[in-house]
Amino acid sequence: MIVEKIEITRHKITLQGELKLVDSELSIENCEEMIKRLVSWKLGQLKPIRHFEMVYNKEKMQVEVDVYVTISIEESSESHIENVRHIFNKLMEFINLYEREFEAILDQDLSNPKS
């Protein structure tokens, strides 16, 4: 897995964190399984708003993931610095979950080889 971009941008009424990563080790067969496992990251508290998009690029033979975390500046009672820290922590949480689930899928593949 390679993190290509991690960025937090201030817009007029929101702060948005963006993470882009690619992974050439995750197979196309395991891509759908990974999506199912990562959905839990989007669930839970309504705020901050969390979203990810994951596709398998057949030409490059790699998974491409875009992750977004958004906080409304107007609705937040936290300081600007706390909001940025919160967004960054959510992006890191996604990376950690991705790595953990990747290892679980790999272990599953090794213990159940396809005939």
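Modeller: Let's start with a term: a salt bridge here is a side-chain nitrogen of Lys or Arg within 4 Å of a carboxyl oxygen of Asp or Glu. The model is predicted, so local features need pLDDT of at least 70 and side-chain atom pairs count only at pLDDT 80 or more, while totals for chains, interfaces and linings use all residues. Residues are numbered from 1 along each chain as its sequence is written, and side-chain values use heavy atoms, with hydrogens and water left out.

Biologist: Thanks! How many salt bridges does the structure hold?

Modeller: Side chains of opposite charge can pair when their charged atoms come close. In this structure there are 9 salt bridges. One of them joins Glu 82 and Arg 85, at 2.4 Å from N to O.

Biologist: Where do Glu 82 and Arg 85 lie?

Modeller: Helices (H or I, at least four residues) and strands (E, at least two) are DSSP runs, numbered from the N terminus. Both Glu 82 and Arg 85 sit in helix H2, 3 residues apart, or about one turn of the helix.

Biologist: And which salt bridge does Arg 37 form?

Modeller: Arg 37 pairs with Glu 101, and their closest N and O atoms are 2.8 Å apart. Arg 37 belongs to helix H1 and Glu 101 to helix H2, so this pair ties together parts that are 64 residues apart in sequence.

Biologist: Are Arg 37 and Glu 101 buried or exposed?

Modeller: Buried means under 20% relative accessible area, exposed over 50%, and partly exposed in between (1.4 Å probe, protein chains only). Arg 37 and Glu 101 are both buried. Arg 85, by contrast, is partly exposed, because its relative accessible area is 42%.

Biologist: Now the interior: which residues have the most contacts inside the largest nonpolar core?

Modeller: A nonpolar core is a set of buried Ala, Val, Leu, Ile, Met, Phe, Trp, Tyr and Cys residues joined through side-chain atoms within 4.5 Å. The largest one has 23 residues, and those with the most contacts inside it include Met 34, Leu 38, Phe 94 and Tyr 98. At least two core residues come from each of strand E2 (14-23), helix H1 (28-42), strand E3 (49-57), strand E4 (62-72) and H2. With 8 residues, H2 gives the most to this core.

Biologist: That helps me picture the inside. Which residue of strand E1 is partly exposed?

Modeller: Ile 6 is in strand E1 (residues 2-10). Ile 6 counts as partly exposed because its relative accessible area is 38%.
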